[in-house]
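Thank you all for making time this morning. I would like to walk you through one structure, slowly, and I will explain each term as it comes up.

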Amino acid sequence: MNYYNPNQNPNQNQGYYQYQQANQQAFQAMMLKQQIEKGKKAQRKELIKTGLLLGATLIMYLLIQTVMVGLLSAFNALEDYQNSVAFQYGFNVIAVHLASMIIPFGIMALILKKNFISPFFPAKAIEKKQAFAWIGFGMGGCIAANLITSYIMTVSKNIFGYELKENGYDGPDSILSCVILIVSTMIVPAVCEEIALRCCAFGVLKKFGKGFSVFAVSIVFGLMHGNAVQFIFAFLVGLILAYITIKTDNVILAMIVHGLNNGISVLADILEFSLSEKISETATVVVFYAWAIIGVGCLIYLAAKGLLKIKKQPKSVYDNSFFVKLLCLMPGLFIPFVILIKLTSEYITKV
């Protein structure tokens, strides 16, 4: 038994106490290290589970669309679909957005509802001037994403000799189809995709860090679009929309930007149908330049107001690095990436 001996040299007693204290500190440090590693391991497991569910959601998204197309054949409606532009647009609303998107992403959000650390549908009030600035900033970003994607496509064609094409729908052929085009391409996707991505997917990922969740949900958004060309564009636009959502805590602004961005192609299609292809192309160029100028102005305004910086969250000792978190998420997205590559191969042609 160790005990204090008053007859001992005081320096010897002090050395003994220092030795005991050092041992205790070393033990506490070891226990803390083990606790931290245990917390990081738990986060990695949770990320793997989240990634698997996101991957399953994307697969379900594609499967439901396949089933819906199969139903067209089963009810002998495939020929009507191919011959009617209005039918194509209407079917797109039901099959691609309402059934294929809202249902699987909604189920995923319910399964992972414990992940949510903020409201499912962020709609914080924001003053009109700032709201317009964020919308202009978002549209400027979408124009930049379009230019980057076009540049990549040009490089692929001129240097590597391969042309990447996008899948799409026929242009409108009647006033009715123009109206349905606006609803199916500009309004419904903006609402449904933002609910699926910036509410459901973003909501379950936000607890793992703001920057990581913005990047990860943009990958999911890109994978939804079915080929490499649209993946690049959708990923870049996804970064912008997620950034706006997390900065303003308002997904409605992201919906507006999303709708206006889709509206550029809608406007081009309607003008081509109602006037001429030349007028359509001219109007598209004017709109692009207008939004680019507005975007730069809004960027300067937001920067001057100090609104662009994302406030850093206090980093938890149990938080893994960005790269490790991404590695944990990726296995669940492996099959969707394989599907993306397979679908992309159908849109690559040798020049």
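I will go through a few residues, then the aromatic rings, then the cavities, and finally some backbone angles.

A word on the basis first: this is a predicted model, in which local features need pLDDT of at least 70 and side-chain atom pairs count only at pLDDT 80 or more, while totals for chains, interfaces and linings use all residues. Residues are numbered from 1 along each chain as its sequence is written, and side-chain values use heavy atoms, with hydrogens and water left out.

Let me begin with Y61, which lies in helix α1, residues 10–74; helices here are DSSP runs of H or I with at least four residues, strands are runs of E with at least two, and both are numbered from the N terminus. Y61 counts as buried because its relative accessibility is 6%, where buried means under 20% relative accessible area, exposed means over 50%, and partly exposed is in between, with a 1.4 Å probe and protein chains only. If we leave aside residues up to four places away in sequence, Y61 touches V96, S100, M101, P104 and M224, a contact being heavy atoms within 4.5 Å. With M224 there is also a polar contact, since a polar atom of the Y61 side chain lies 3.4 Å from the backbone oxygen of M224. That term refers to a pair of N or O atoms within 3.5 Å; within protein, one must be able to donate a hydrogen and the other to accept it, and residues adjacent in sequence count only if both atoms are side-chain atoms. H97 is 36 residues from Y61 in sequence, and their C-alpha atoms are 9.2 Å apart in space.

Helix α1 also holds T50, which is buried because its relative accessible area is 1%. Apart from residues up to four places away in sequence, T50 touches L112, N115, V204, L205, F208 and L329.

Now to the aromatic rings. How many aromatic pairs does a search of the whole structure find? It finds eleven, and one of them is W134 with F137, an edge-to-face pair at 5.6 Å centre to centre and 90° between the planes. By definition, rings of Phe, Tyr and Trp (its six-membered ring) pair if their centres lie within 6.5 Å, and planes under 30 degrees apart count as stacked, over 60 as edge-to-face and the rest as tilted. W134 and F137 both lie in helix α4, residues 128–158, three residues apart, which is about one turn of the helix. W134 is buried because its relative accessible area is 3%, and F137 is buried with 17%. Another pair, F231 and F235, is stacked, at 6.2 Å centre to centre with 10° between the planes. F231 and F235 are four residues apart in helix α7, residues 228–248, and both are buried. They also belong to one aromatic cluster, together with F212, F215, F322 and F337.

From helix α7 we can also pick out K247, which is partly exposed because its relative accessibility is 24%. K247 touches W134, L307, L308, K309 and I310, again not counting residues up to four places away in sequence, and the K247 side chain reaches the backbone oxygen of L307 at 3.0 Å.

Next, the empty space inside. The count comes to two cavities of 30 Å³ or more, and the largest has a volume of about 50 Å³. A cavity is a set of points on a 1 Å grid over the protein atoms alone where a 1.4 Å probe fits but cannot get out, and lining residues have an atom within 4 Å of a point; grid points are joined across faces, edges and corners, and a volume is the space filled by probe spheres set on the points. Which element gives the largest share of the lining of the largest cavity? That is α11, with four residues. The lining residues include L58, L62, M224 and P336.

Lastly, two backbone angles. Most residues other than glycine have a negative phi. N76, in the loop between α1 and α2, has a positive phi of about 55° although it is not a glycine, and N76 counts as exposed because its relative accessibility is 67%. D249, in the loop between α7 and α8, likewise has a positive phi, near 55°, and D249 is partly exposed at 29% relative accessible area.

How values were computed. On a 1 Å grid over the protein atoms alone, a cavity is a set of points where a 1.4 Å probe fits but cannot get out, and a pocket is an open set with protein on both sides within 12 Å along at least five of seven lines; lining residues have an atom within 4 Å of a point.
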